[in-house]
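The following note is offered as a colleague's reading of the structure shown below. The points are numbered for ease of reply.

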Amino acid sequence: MWHTVLFLVVLFSHSAHGQVSYSIPEEMSKGSDVGNIAQDLGLDLKRLKSGKARMFSGDSTEYIELNKERGMLLIKEKIDRESLCAKTTPCALHLQMILEKPMELYTITVEITDINDNAPVFQTEEISFEISESAVIGARFMLDGAVDADIGLNGLQSYSLQPTDHFVLELQSHADGGKNVEMVLKRPLDREKQERFTLMLTAIDGGEPVLSGTVQIHVTLLDANDNAPVFTQKVYKASVIENSKKGTKLTTVGASDADEGSYGQVTYYISKVNEGGKELFMINRDNGEITLSGQIDYEKTNHYQLDIKARDQGGLSDSCKVIIDVLDINDNKPTITVLSMSNSISEDSPPSTVVAMLKVHDPDSSANGHVHCSISENIPFSIISPSNNIFNLRTEQELDRERDSEYNITVMCSDNGVPPLSNSNSLHLQISDVNDNAPVFERSSYEVFVVENNKPGRSIFTVKASDADSNQNARVSYILEDSTINGVAVSSYVSVSADSGVINAVRSFDYEQLKVFYFRVKAQDGGSPPLSSNVTVTIKIQDQNDNAPQVLYPVQTGGSLVAEIVPRSADVGYLVTKVVAVDVDSGQNAWLSYKLQKATDRALFEVGPQNGEIRTVRQVTDKDAVKQKLTVVVEDNGQPSRSAVVNINVAVADSFPEVLLEFTEFTHGKEYNDNLTFYLVLALAAVSFLFITCVVVIISVKIYRWRQSRFFYQSNLPVIPYYPPGYTDTGVTGTLPHMYNYDVCMTTNSRNSDCKYSTLGGQSVLVVDPSFTETMQRAMKEKELLEDPESPELQKPPNNDWRLPPNQRPGPSGAGARPEEAGAGAVGGTGPWPNPPTEAEQLQALMAAANEVSEATATLGPRYNAQYVPDYRQNVYIPGSTATLTANPQQQMPQQALPPPQALPPAEAPKAAPTPASKKKATKKDKK
């Protein structure tokens with residue numbers, strides 16, 4: 001009884017696809033009808049003939065054929081389901097019917113159902129048991145089961161045992177559908193009554209008619225053996241890769257027997273294996289090791305189940321099950337079969353026109369059997385898969401014969417295995433081409449290694465691209481695409497020649513700053529519109545040994561002495577210190593080695609060449625010097641190598657005071673040099689500051705006196721050109737207009753010195769600046785007027801009130817000009833003097849001028865402390881007289897012309913010691 005199930009599916013494109021399924025029993029005779037394919041698919045018989053309908057199975061044996069006259073599917077070869085599918089369910093044949101003009105494909109599935117045509121068969125003709133007479137009731141004995149090639153109800157269903165005087169049968173079903181047959185002892189055995197007996201085991205299936213198979217069981221009773229072997233586990237699992245070599249170990253089973261002697265010796269053997277695996281496995285009878293004895297193929301069987309028996313010399317046994325899974329490997333390439341192919345196609349064919357129909361098959365499983373196909377790049381075709389394992393090659397865009405007349409299309413099909421296997425098929429098609437080929441680089445990406453410190457402008461690499469087109473369309477230009485590297489344009493690093501593709505370095509690279517960078521180069525052809533492609537170029541900078549090692553520890557300080565202390569009780573290998581250094585280079589350029597270059601006692605210390613640890617070589621003795629100086633060289637592994645030197649002071653002592661006494665002299669000398677350097681720098685800074693200050697003051701005074709000279713020129717006030725000898729002696733020829741005294745204070749055994757600046761030279765010295773030149777000339781001119789009694793500009797001397805301050809004078813001593821007539825800035829006085837000024841009057845005018853200079857300096861220039869600015873009003877020498885006028889602070893306070901000095905220090909600074917230069921100047925003054 002068979003039936004037909006029809007499924008029709010209409011797909012897009014110019015090819016039609018449909019599916020129909022049939023179900024038939026196995027063992028049908030040749031010529032039997034399978035189904036009316038024309039009626040089921042709704043096709044006319046004429047269509048079958050005109051379309052050249054044919055069947056395609058893909059297998060070497062064709063079981064089904066097509067009768068075009070009747071539109072019927074017929075049995076061509078007798079079908080045996082067991083040889084075709086074994087235990088696989090459902091069992092089906094997958095066929096394709098192909099029609100042409102127009103091209104159509106129909107999928108036909110014929111399911112083969114099982115009939116009861118196979119009786120159960122035992123693998124052995126007889127079964128022998130040697131059973132001890134002491135076997136207890138309930139003892140179990142595993143029997144070799146029968147095998148039935150049929151499936152379902154037609155397969156093996158039950159067993160029967162005759163006679164049943166001593167034994168009964170028990171069946172144990174497993175989750176996988178298998179059954180174990182065990183013979184269970186129900187009565188005690190007595191070897192003296194019956195030593196041997198024979199049983200008949202019958203296997204029965206469930207088909208109609210019922211088929212069965214039998215095997216004889218010979219039982220031999222042995223002497224007492226009361227312990228049977230026991231497996232460590234009932235189920236063992238193992239896996240093996242297909243195509244493994246013979247002798248490959250799969251697993252080892254083990255059973256133990258508590259008996260001694262021959263009864264404790266266990267032997268192993270395979271009692272049952274599924275169909276086709278009997279010759280593939282073998283077991284070592286002594287140790288239970290299961291190995292591969294044949295060629296195993298996943299595509300044939302991927303699962304094996306072995307029943308293993310362990311039996312001792314007394315006839316007792318135990319059984320276990322070994323499940324072996326076969327692992328698939330990618331050992332089968334995809335096969336490509338061309339179902340239909342058009343040798344030529346017109347240039348006006350619309351897109352999506354089917355050119356060829358392919359069937360691709362890979363017998364591997366999972367990802368190893370999953371196939372994907374692709375075609376050559378840069379061609380106007382595509383390949384798609386409308387159904388499982390069926391691929392259509394079709395046009396992707398409009399064609400143009402005037403540009404290209406043919407194509408060689410390579411269809412590449414590969415699976416997803418590891419490693420993937422592939423197969424290809426070349427198709428030749430008459431077709432036209434357009435300018436659809438972009439430049440293609442020789443490699444998908446480029447990686448270039450450049451040694452750092454290269455010369456700018458050096459050529460480092462060349463990229464090359466080719467274009468399959470011709471003439472102008474094949475002319476390739478290279479362009480550096482815009483990008484940035486750490487915020488800087490890539491054109492600042494490299495440049496690309498537009499014609500040759502040569503890449504030049506614009507700058508010198510530094511590995512420590514930039515190790516790797518990327519940029520893209522575009523290749524563009526000369527077509528219209530132009531086509532282009534790009535490629536990524538990776539520039540990797542290689543390191544050079546251009547950096548010396550840097551010592552991190554011990555820290556080398558210039559101002560202090562650091563010493564490592566080693567006790568005199570230190571043993572051999574005592575860790576003194578560790579030199580820590582780094583090298584910013586990489587690779588072998590950064591591999592550091594340490595060696596001891598100098599040492600006070602080379603026999604006492606050593607340095608680890610790899611770790612830089614300084615340890616003692618021998619026991620420290622009392623004869624060893626306290627101060628030990630070590631010089632360690634740290635060298636890298638570059639070519640040429642670079643190195644760094646570190647000095648280490650080691651003190652061999654048991655107490656800190658002892659170390660302090662040894663190193664005090666060195667420390668004091670260091671501190672002395674440091675303090676002296678500090679004070680020298682401080683002195684230089686102070687002198688520079690004073691020099692700049694004095695320059696500013698001189699300029700200010702010069703400006704002020706220039707203004708004063710204009711004032712005196714416009715007014716009628718006299719300018720007394722008199723300068724006491726005590727003031728004119730202070731002319732200096734050096735850089736600074738003042739003299740300084742330096743006091744050096746030394747403390748006992750301190751090795752330190754302090755330099756103190758004293759105040760300016762004597763307070764009674766007046767500095768004559770070159771800026772007074774114009775004022776002096778003006779004064780001399782007025783002196784000549786005084787000596788000439790007939791001069792109309794001669795002024796009279798003041799009255800006897802000249803000794804009083806201006807605010808205490810009784811009144812003007814003569815007619816004088818009004819203040820408003822004297823001009824702006826004029827100082828109001830008592831008017832013109834009736835007589836030539838006396839020396840006292842000249843002195844008073846001089847003191848007033850000095851007071852005005854002091855006020856101008858305080859206003860225009862930097863404010864000097866009274867300690868550094870001499871007071872011109874303290875000591876005044878009158879020419880021709882032995883008297884010295886000293887300014888009285890009490891009288892100066894109310895005067896407006898002479899304001900009090902700023903904060904005079906209580907203690908008078910030490911006076912400068914006379915120098916040979918000053919003595920020489922004094923001598924010249926005395927002579928004058």
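Which residues form a nonpolar patch on the surface?

1. The model is predicted, and the remarks below should be read accordingly. The nonpolar surface patch consists of Phe691, Ile692, Val695, Val696, Ile699 and Ile703, which together have about 490 Å² of accessible area. One of these residues, valine 695, is placed in helix H5, which covers residues 656-714. Valine 695 counts as partly exposed because its relative accessibility is 33%, and partly exposed residues are those between the 20% and 50% cut-offs.

2. Three strands make up an open sheet in the order S20-S24-S23, and their pairing is antiparallel. Strand S20 (249-252) and strand S23 (281-283) are at the edges; each has a single partner strand, so one side of each lacks a neighbour in the sheet. From one strand to the next, the twist averages 20°.

3. Within this sheet, the contact between S23 and strand S24 (residues 289-292) is antiparallel and runs over 3 bridges. Phenylalanine 281 has leucine 292, in S24, as its bridge partner.

4. The count of salt bridges comes to 20. Among them is the pair of aspartate 33 and arginine 70, with an N to O distance of 3.3 Å. Aspartate 33 belongs to strand S3 (residues 33-36), whereas arginine 70 sits in the loop between strand S5 (64-67) and strand S6 (72-75), so this salt bridge ties together parts 37 residues apart in sequence. Aspartate 33 is partly exposed at a relative accessible area of 27%, and arginine 70 is also partly exposed, at 43% relative accessibility.

5. A salt bridge also joins glutamate 635 to lysine 595, at 3.9 Å from N to O. This pair links distant parts of the chain, 40 residues apart: glutamate 635 is in strand S52 (residues 627-636) and lysine 595 is in strand S49 (residues 592-599). Glutamate 635 has a relative accessible area of 24% and is partly exposed; lysine 595, at 47% relative accessibility, is likewise partly exposed.

6. Is each partner in the salt bridge of arginine 618 with aspartate 624 buried or partly exposed? The closest N and O atoms of this pair are 2.8 Å apart. Arginine 618 is partly exposed, with a relative accessible area of 23%, whereas aspartate 624 is buried, with a relative accessible area of 7%.

7. Finally, Arg81, Glu82 and Asp114 are joined into one network by salt bridges that share partners.

Key
Residues numbered from 1 in each chain as written. Predicted model: local features only at pLDDT ≥ 70, side-chain atom pairs only at ≥ 80, totals over all residues. Heavy atoms only, no water. Patch = residues over 30% accessible without salt bridge, like charges linked within 9 Å, V, L, I, M, F, W, Y side chains within 5 Å. Areas by Shrake-Rupley, 256 points an atom, 1.4 Å probe, with all protein chains shown as cover. Salt bridge = Lys/Arg side-chain N within 4 Å of Asp/Glu carboxyl O. Helix = DSSP H or I, 4+ residues; strand = E, 2+ residues; numbered from the N terminus. Buried < 20%, exposed > 50% of the residue type's maximum accessible area, 1.4 Å probe, protein only. Pairing = 2+ DSSP bridges. Axes fitted to C-alpha atoms, helices over the stretch in contact; angles between N-to-C directions.
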